[in-house]
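Open the model in your viewer, and keep the selection tool at hand. We will go from stop to stop, with something to select at each one.

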There are 2 protein chains.
Amino acid sequence: MICKDGLISQLKEKGFKITPQRLAIIDALVEHREAHPGATLIYEAASKTSRRISLSTVYATLKEFSENGLIRQLEFDRMENRYDVDLSDHVNLICKRCGKIFDYAIAASLEPRDIARKSGFVVTDTRLEFHGYCRDCLKRSG
Amino acid sequence: MICKDGLISQLKEKGFKITPQRLAIIDALVEHREAHPGATLIYEAASKTSRRISLSTVYATLKEFSENGLIRQLEFDRMENRYDVDLSDHVNLICKRCGKIFDYAIAASLEPRDIARKSGFVVTDTRLEFHGYCRDCLKRSG
DNA sequence: TAACCACTCTGGAATGATTCCATTTTATTT
DNA sequence: AAATAAAATGGAATCATTCCAGAGTGGTTA
């Protein structure tokens, strides 16, 4: 299901043009999916495939793809955004030393003890944010 | 417990010097605690109290205070860091429209339905990150 | 209480990720 | 092949933050 053709046909369905740059970005996203690549890595990888591609295009395209649900944007504090072609529900385990990002199924227990036993990852710090709309803003919008 | 004197005595205990800049920053942190202030707000508030204070100092001091456990740094994606003098366990509810940050006790149910009933805040999106050390990095450190 | 020095502060430059924008290019339609 | 709306380009701008080298200052000590 995580295949280039699927992404390409989604682009067509939504009326986007199929350009060499977009194809190169899709290639890079799929090839480096394990690394949860950021714009820089995508740019480097796509530069090898596509004769001409600019970093601006990579940024615009990744933003566009995530806004249209083709990929998921992982946002971190003071760190490059990363992108994931795997749209299934999972938590990100982020290593403080090497910076690698691991996927962890959300269905399993989220107790630090269980995470350590199953994945070998020792959780030292959790960050929990709930985004939405506050009472006042809901009232204001009617 | 959230009082200036407590913060000041913590500074002394840890061997930090008591400077007018640090006092002004503590004042600003306590006075604006409800707003979960960022560096800019702290800088503006502290500028009124302290004749001379630079933004660099504000940044350095807030970083130092959080690293030493005097305050908590709230980090957001592509948004100014915010600071909290309340060190008790709580979740942050972030309004997508007005940007305000609300505290929500972590002891209570984290079900969106319960949060809405208790606080009037409608959760549309959750971000869950677990930070720590991966298996390989743990192995490497012995 | 003066002198000392490690800790602080300063402000301007640097950084890094990202966005903006005016211009040029191109994929697709007719 | 011409038309045109969408896409790509690259350089400048933005924004939060850090870096740095030089100037300043609490607090200890003689």
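The tour below starts with the protein pair, moves to the DNA, and ends with single residues.

**Before you start**

Keep in mind that this is a predicted model.

**Stop 1: the two protein copies**

Select chain A and chain B and superpose them. Chain B lands on chain A with an RMSD of 0.2 Å, after a rotation of 179 degrees and a shift of 0.1 Å along the axis. The two copies are thus related as by a two-fold rotation axis.

**Stop 2: where the copies meet**

Now colour the contacts between the chains: 32 residues of chain B are in contact with 32 residues of chain A. On the chain B side, the elements that give two or more residues are strand 1 (72-76), strand 3 (90-95), strand 5 (122-133) and helix 6 (135-140). Which of them gives the most? Select strand 5 of chain B, which gives 12 residues to this side. If you colour the chain B side by residue class, you will find 17 nonpolar, 6 polar and 9 charged residues.

Do the copies use the same surface or different ones? Of the interface residues of chain B, 100% are also interface residues in chain A, so the copies meet through the same surface.

Stay here and show strand 3 (residues 90-95) of chain A beside strand 5 of chain B. These two strands run parallel, and 4 bridges join them. To see one pairing up close, pick A:N92, whose bridge partner in strand 5 of chain B is B:E129.

**Stop 3: DNA strand D**

Select DNA strand D and show what is around it: 24 residues surround this strand. The closest are A:Q21, A:S56, A:T57, B:I18 and B:N81. Both protein chains appear in the list of elements that each supply at least two residues: helix 2 (20-31) and helix 4 (55-67) from chain A, with helix 4 (55-67) and strand 2 (79-84) from chain B. Helix 4 of chain A has the largest share of this surface, with 4 residues. By class, the surface near DNA strand D divides into 7 nonpolar, 10 polar and 7 charged residues.

**Stop 4: DNA strand C**

Switch the selection to DNA strand C, which 23 residues surround. Here the closest are A:N81, B:Q21, B:S54, B:S56 and B:T57. The elements that each supply at least two residues are helix 4 and strand 2 (79-84) of chain A, together with helix 2 (20-31) and helix 4 of chain B. For this DNA strand, the largest share, 4 residues, comes from helix 4 of chain B. The classes come to 7 nonpolar, 10 polar and 6 charged residues.

**Stop 5: the domains of chain A**

Hide the DNA and colour chain A by domain. The assignment gives domain 1 (4-84) and domain 2 (88-142). Taken over C-alpha atoms, the centres of the two domains of chain A are 24 Å apart.

**Stop 6: a hairpin in chain A**

Zoom in on strand 1 (residues 72-76) and strand 2 of chain A. They run antiparallel and are joined by 4 bridges. Click A:L74 and look across to strand 2 for A:R82, its bridge partner. The hairpin has 2 residues between its strands, and A:R78 in this hairpin takes a positive phi near 50 degrees.

**Stop 7: a histidine in a loop**

Next, select A:H36, in the loop between helix 2 and helix 3 (39-49) of chain A. What is the sign of its phi? The phi of A:H36 is positive, near 50 degrees, in a residue other than glycine. Most residues other than glycine have a negative phi. A:H36 is also buried, with 21 other C-beta atoms within 10 Å.

Jump to B:H36, which lies in the loop between helix 2 and helix 3 of chain B. B:H36 has a positive phi of about 50 degrees, and it is buried, with 21 other C-beta atoms within 10 Å.

**Stop 8: helix 3 of chain B**

From there, select helix 3 (residues 39-49) of chain B. Its residues B:I42, B:Y43, B:A45 and B:A46 are buried. Show helix 2 and helix 4 of chain B as well, since they are included in what covers these buried residues.

**Stop 9: A:I115**

Finish on A:I115, in helix 5 (residues 112-119) of chain A. A:I115 counts as buried, with 21 C-beta neighbours inside 10 Å. Which residues does A:I115 touch, not counting those up to four places away in sequence? They are A:Y104, A:L110, A:F121, A:V123 and, from the other chain, B:F130. Draw a distance from A:I115 to A:Y104: they are 11 residues apart in sequence and 8.4 Å apart in space, C-alpha to C-alpha.

Terms used
Residues are numbered from 1 along each chain as its sequence is written. Chains are lettered from A and ligands numbered from 1 in the order in which they are written. This is a predicted model: local features need pLDDT of at least 70, side-chain atom pairs count only at pLDDT 80 or more; totals for chains, interfaces and linings use all residues. Two residues are in contact if their C-beta atoms, placed from the backbone, lie within 7 Å. Ala, Val, Leu, Ile, Met, Phe, Trp, Tyr, Cys and Pro count as nonpolar, Asp, Glu, Lys and Arg as charged, and the others, Gly among them, as polar. Two strands pair if DSSP finds at least two bridges between them. Copies are superposed by least squares on the C-alpha atoms of residues with pLDDT of at least 70 in both. A residue is near a molecule or strand if its C-beta atom, placed from the backbone, lies within 6 Å of it. Domain bounds come from an automatic or database domain assignment. A residue is buried if 20 or more other C-beta atoms lie within 10 Å of its own, exposed if 12 or fewer, and partly exposed in between; C-beta atoms are placed from the backbone.
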